[in-house]
Amino acid sequence: MELSHFIQEYGLDAFTTVLGILYIILEYRASILLWVVGIIMPALDIYLYWSHGLYGDAGMAAYYTIAAVYGYIAWKISDHRRQGQTIDENHSDASVGITHFKRAHILPSFCFFLIAWGITYYVLTHFTNSTVPLLDSFTNALSFVGLWALSRKYLEQWIIWIIVDGISCYLYLVKGIPFKASLYGLYVVIAILGYIKWKRMMEMHKYHL
């Protein structure tokens with residue numbers, strides 16, 4: 001395959017994959033810069049997914065772009081609220097704010113997920129020619145909850161992403177987006193490690209309080 005043809009066929013896929021790797025590294029480190037990359041990457045993904053018939057993911061990418069702006073603001077506000085607090089030099093300031101998913105939010109989040117799944121599935125089956133509406137709508141609906149949980153720094157957001165990333169990896173393989181599929185396979189591994197790291201960070205912060 002000629003280089004020019006490769007770039008035309010897979011250039012955007014490869015570039016957004018690199019951004020995706022940077023994003024997950026920043027998320028793993030609980031760095032606020034993850035939201036900056038989280039604005040740029042999905043903005044490019046809108047076209048990538050739409051051109052491959054993943055209309056649900058294209059719509060989700062648009063939501064990701066907006067949600068990343070919200071996430072950045074939410075983390076900034078959280079940082080400002082912590083100003084003046086003494087943070088022990090032996091643990092990262094990024095660990096402050098990491099908590100468990102609140103029990104009161106479980107039922108509302110699950111209901112929201114079911115409604116979002118149903119609406120997205122309806123849209124994909126009635127207004128697009130999507131060949132994977134069930135899984136595409138499932139990952140999109142669950143991603144809404146995952147992004148919200150990430151913006152709140154809930155530890156369990158990693159569990160949500162393990163599910164989403166695993167299914168997305170399969171979808172991208174089926175749809176011929178190999179770089180993105182590899183990225184999401186990597187995401188599964190890093191999400192597992194991220195859960196372990198965030199849990200350790202959370203426990204260390206509680207220990208130093």
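**Exercise 1.** Decide from its relative accessibility whether Tyr 172 is buried or exposed, and then find which other residues of helix H6 are buried.

*Solution.* The structure is a predicted model. Tyr 172 has a relative accessibility of 2%, and because buried means under 20%, Tyr 172 counts as buried. Tyr 172 does not stand alone in H6, since the buried residues there also include Trp 158, Trp 161, Asp 165, Ser 168 and Leu 171. A general point helps in reading such a list: an α-helix has 3.6 residues a turn, so residues three or four places apart point the same way. As for the helix itself, H6 has 18 residues and reaches 26 Å from its first C-alpha to its last, which is close to the 26 Å expected at 1.5 Å a residue. After H6 comes Gly 176, with a positive phi near 75°.

**Exercise 2.** Find how many aromatic pairs the whole structure holds, and work out what geometry the rings of Tyr 10 and Phe 179 have, and then that of Tyr 49 and Tyr 172.

*Solution.* A search of the whole structure gives 17 aromatic pairs. In one of them, Tyr 10 and Phe 179 lie 6.1 Å apart, centre to centre, with 70° between their planes, and the pair is edge-to-face. Tyr 10 belongs to helix H1 and Phe 179 to helix H7 (residues 178-208), so that pair links distant parts of the chain, 169 residues apart. Phe 179 is partly exposed, at 30% relative accessibility. Turning to the other pair, the ring centres of Tyr 49 and Tyr 172 are 5.4 Å apart and their planes meet at 5°, so these rings are stacked. This pair also links distant parts of the chain, with Tyr 49 in helix H2, Tyr 172 in helix H6, and their positions 123 residues apart. Tyr 49 is buried, at 4% relative accessibility. Finally, Tyr 49 and Tyr 172 form one aromatic cluster with Tyr 184 and Tyr 187.

**Exercise 3.** Find where Gly 20 lies and which residues, beyond its neighbours within four places in sequence, it is in contact with.

*Solution.* Gly 20 is part of helix H1, and it is buried, with a relative accessibility of 0%. Once neighbours within four places in sequence are left aside, Gly 20 is in contact with Met 41, Leu 183 and Tyr 187. Tyr 187 was met above as a member of the aromatic cluster. Between Gly 20 and Gly 38 there are 8.4 Å in space, C-alpha to C-alpha, and 18 residues in sequence.

**Exercise 4.** For Ala 30 and Lys 153, find what sign phi has and where each residue lies.

*Solution.* As background, most residues other than glycine have a negative phi. Ala 30, however, has a positive phi of about 55°; it sits in the loop between helix H1 (3-28) and helix H2 (34-51), and is buried at 5% relative accessibility. Lys 153 likewise has a positive phi, near 60°; its place is the loop between H5 and helix H6 (157-174), and it is buried at 6% relative accessibility. The charged end of Lys 153 sits over the ring of Trp 75, 4.4 Å from the ring centre.

**Exercise 5.** Decide whether Asn 140 is buried or exposed, and list which residues it touches beyond four places in sequence.

*Solution.* Asn 140 lies in helix H5 (residues 133-151). With a relative accessible area of 3%, Asn 140 is buried. Beyond four places in sequence, Asn 140 touches Gly 56, Asp 57, Met 60 and Thr 120.

Technical notes. Residues numbered from 1 in each chain as written. Predicted model: local features only at pLDDT ≥ 70, side-chain atom pairs only at ≥ 80, totals over all residues. Heavy atoms only, no water. Helix = DSSP H or I, 4+ residues; strand = E, 2+ residues; numbered from the N terminus. Buried < 20%, exposed > 50% of the residue type's maximum accessible area, 1.4 Å probe, protein only. Contact = heavy atoms within 4.5 Å. Phe/Tyr/Trp six-rings, centres within 6.5 Å; stacked < 30°, edge-to-face > 60°. Lys NZ or Arg CZ within 6 Å of the ring centre and 35° of its normal. Expected span 1.5 Å × (residues − 1).
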